[in-house]
Amino acid sequence: KSKFNVVNPDDICAQYGADTLRMYEMFLGPLEQAKPWNMAGITGGHNFLKKFWKLFHSGDNNSFEVRNDQPTKDNLKTLHKTIKKVQDDIETFSFNTSVSTFMIAVNELTAQKCNSREVLEPLAVLISPYAPHIAEELWERLGHEGSISTAPFPVFDAKHLVESSKEYPVSFNGKMRFKLELPLDLTPAQI
């Protein structure tokens with residue numbers, strides 16, 4: 001009798017889907033390091049993909065809710081921060097940090113109640129190498145013909161990461177009393 005617990009990938013795919021297995025394997029850590037297998041991580045990856053799916057859907061009836069609404073500055077900041085990080089991670093084969101970046105982006109966009117096509121469509125393209133099946137399904141629901149794998153990779157635009165204000169601490173007698181948020185584009189006369 002073996003002291004090792006053998007996990008069949010086919011069983012995981014049957015229960016959670018192939019995308020969950022892919023996301024879990026990439027999230028484990030750097031490719032060159034040995035990693036312990038933990039089934040709790042599988043459910044975490046599965047829950048993340050369900051949350052990602054919900055960005056595109058809403059309500060109890062799971063209706064498709066992507067709109068052509070104008071994205072907010074925060075929506076665009078989240079998207080472009082994600083594009084930049086994932087692009088850098090792909091170049092260095094740091095897939096585990098890309099998965100973490102996707103999780104952060106999904107949490108931020110969920111909190112922002114984002115349903116803008118201008119943000120969600122590139123996000124689907126961005127995640128497609130990591131979760132190709134769910135991305136392909138969303139691509140079709142977004143009205144595209146052909147595979148998402150042929151869509152151009154989203155382009156990072158640094159202007160969306162530029163801060164428009166800065167928070168300054170105000171101190172009296174060496175003790176910080178409050179913070180003042182001021183726009184970065186103030187002229188000396190406006191101060």
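**Talking through the surface and fold**

Colleague: What does the chain expose?
Modeller: In this predicted model, the chain exposes about 12,200 Å², and carbon and sulfur atoms supply 54% of that.

Colleague: What makes the nonpolar surface patch?
Modeller: Tyr168, Phe172, Phe178 and Leu180 make it, covering about 370 Å². Strand E3 (165–172) and strand E4 (175–183) each bring at least two residues to the patch.

Colleague: Why is Phe178 called partly exposed?
Modeller: Phe178 sits in strand E4. Its relative accessibility is 39%, and partly exposed runs between the 20% and 50% cut-offs, so Phe178 counts as partly exposed.

Colleague: And why does Lys85 count as partly exposed?
Modeller: Same reasoning. Lys85, in helix H4 (residues 73–91), has 33% relative accessibility, so Lys85 counts as partly exposed.

Colleague: What does Lys85 touch, leaving out residues up to four places away in sequence?
Modeller: Thr97 and Thr101. As for Ser98, it is 13 residues from Lys85 in sequence and 7.0 Å away in space, C-alpha to C-alpha.

Colleague: How do you know how the chain's radius of gyration compares with that of a compact globule?
Modeller: A compact globule of 191 residues would come in near 16 Å, but the chain has 21 Å. The C-alpha trace spans about 75 × 45 × 35 Å along its principal axes.

Colleague: What share of the residues is buried?
Modeller: Buried residues are 32% of the 191; buried here means under 20% relative accessible area.

Colleague: Which elements does the chain have, and in what order?
Modeller: Seven helices and four strands, running α-α-α-β-β-α-α-α-α-β-β from the N terminus.

Note on methods: Residues are numbered from 1 along each chain as its sequence is written. This is a predicted model: local features need pLDDT of at least 70, side-chain atom pairs count only at pLDDT 80 or more; totals for chains, interfaces and linings use all residues. Side-chain values use heavy atoms; hydrogens and water are left out. Patches are made of residues with over 30% relative accessible area and no salt bridge: like charges are joined within 9 Å, nonpolar side chains (Val, Leu, Ile, Met, Phe, Trp, Tyr) within 5 Å. Accessible areas come from the Shrake-Rupley method with a 1.4 Å probe; for residues, only the protein chains shown count as cover. A salt bridge is a side-chain nitrogen of Lys or Arg within 4 Å of a carboxyl oxygen of Asp or Glu. Buried means under 20% relative accessible area, exposed over 50%, partly exposed in between (1.4 Å probe, protein chains only). Contact means heavy atoms within 4.5 Å. The radius of gyration is taken over C-alpha atoms; the globule rule is 2.2 Å times the number of residues to the power 0.38.
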